[in-house]
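Student: Before we discuss this model, could you show me the sequence and the structure, so that we can test each label against its criterion?

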Amino acid sequence: MAYTLPPLPYPNNALEPSIDATTMEIHHDRHHKAYVDNLNKALEGQAAFQNKKIEDLLREINKVPENIRTAVRNNGGGHANHSMFWEIMTKGGGEPTGPLGDDIKKTFGDFVGFKTKLKEAAMGRFGSGWGWLVWGGGKLQIISTANQDSPYMEQHIPILGIDVWEHAYYLKYQNKRADYIDAWWNVVNWPAVAKRYSEAKAGK
Ligand code: MN3
């Protein structure tokens, strides 16, 4: 079965003013759609890989035939990264509570320290990529990846990720990536992130 583009779980304008409706529309309907289409194209005739959960396909990226591996890496990563990205945003903000809030404080000192570290990771990524909070090696970690590389490729589970490709922010913020990151905290869906965290810890 082919991979499919999940619908945005809210209208294009739901994250205004932090993320404008036009950016959301182009980002989902064109960029994410292209990753899905190109992933399916790369996997044509590859029955062993077409029916895997996207997370498993990425965990086992090194088993994908070499002649299509780069296409699967870029487009499969793009599909997984964006599917998570839509899900962890809403008209939200605030701070995480419960076990996630506690463990963020335990690991990074406090919530402000966590945000500062994630911003550093996302700002320090030269060119296109992502900043992440992941569950890996039995602990929370902040990392960044290049292009559409996914934490699953490093056997980490992404809990939260911010897209810092220019297509994610350029219409509204132009070259001001830092302003976009600051505004992005207003649209984090902490209950959704907390759910991902509890599932990751439970090994689901
Ligand atoms: Mn993107």
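**Labels and their grounds**

Tutor: In this predicted model, the residues M24, H27, H28, H32, A34, Y35, V36, N38, L39 and A42 of helix 1 are in contact with I68, A71, V72, N74, N75, G76, G78, H79, H82, S83, F85 and W86 of helix 4.

Student: What is the chemical make-up of the contact of helix 1 with helix 4, and how do the two helices cross?

Tutor: The residues of that contact divide into 11 nonpolar, 11 polar and no charged. Helix 1 (residues 21-42) and helix 4 (residues 66-87) pack at an angle of about 145°, with their axes 8 Å apart, and their crossing is left-handed.

Student: Which residues make the contact of helix 6 with helix 8, and what is the hand of that crossing?

Tutor: Helix 6 passes helix 8 in a right-handed crossing, the packing angle being about 145° and the axes lying 10 Å apart. The contact is made by K119, A122 and M123 of helix 6 together with R177, A178, I181 and D182 of helix 8; these residues divide into four nonpolar, no polar and three charged.

Student: Turning to the rings, how many aromatic pairs does a search of the whole structure find?

Tutor: The search finds 15 aromatic pairs. One of them is formed by F85 and W184, whose ring centres are 6.3 Å apart with 10° between the planes.

Student: Why is the pair of F85 and W184 called stacked?

Tutor: The centres, at 6.3 Å, fall within the 6.5 Å required of a pair, and the angle of 10° is under the 30 degrees that stacking allows, so the pair counts as stacked. This pair links distant parts of the chain, with F85 in helix 4 and W184 in helix 8 (residues 177-184), 99 residues apart.

Student: How do you know whether F85 and W184 are buried or exposed?

Tutor: F85 has a relative accessible area of 1%, and W184 is likewise at 1%; buried means under 20%, and therefore both residues count as buried.

Student: What makes the pair of F114 and W185 edge-to-face?

Tutor: With 5.8 Å from centre to centre and 65° between the planes, the pair satisfies the 6.5 Å limit and exceeds the 60 degrees above which planes count as edge-to-face. F114 belongs to helix 6 (residues 111-124), whereas W185 lies in the loop between helix 8 and helix 9 (190-201), 71 residues away. F114, at 0% relative accessibility, is buried, and W185, at 9%, is also under the 20% limit and so counts as buried.

Student: Which residues do ring pairs link into a cluster?

Tutor: The cluster consists of F85, W86, F108, F111, F114, W130, W132, W184, W185 and W190.

Student: Why is K63 called exposed, while N147 is called partly exposed?

Tutor: K63, in the loop between helix 3 (54-59) and helix 4, has 58% relative accessibility, which is over 50%, so K63 counts as exposed. N147, in the loop between strand 2 (139-146) and strand 3 (157-163), is at 40%, in between the limits of 20% and 50%, and therefore counts as partly exposed.

Student: What is notable about the backbone at N147 and at Q155?

Tutor: Phi of N147 is near 55°, a positive value in a residue other than glycine, and Q155, which is not a glycine, has a positive phi of about 60°.

Conventions
Residues numbered from 1 in each chain as written. Predicted model: local features only at pLDDT ≥ 70, side-chain atom pairs only at ≥ 80, totals over all residues. Heavy atoms only, no water. Axes fitted to C-alpha atoms, helices over the stretch in contact; angles between N-to-C directions. Helix = DSSP H or I, 4+ residues; strand = E, 2+ residues; numbered from the N terminus. Left-handed = near helix turned anticlockwise from the far one by under 90°. Contact = heavy atoms within 4.5 Å. Nonpolar A, V, L, I, M, F, W, Y, C, P; charged D, E, K, R; others polar. Phe/Tyr/Trp six-rings, centres within 6.5 Å; stacked < 30°, edge-to-face > 60°. Buried < 20%, exposed > 50% of the residue type's maximum accessible area, 1.4 Å probe, protein only.
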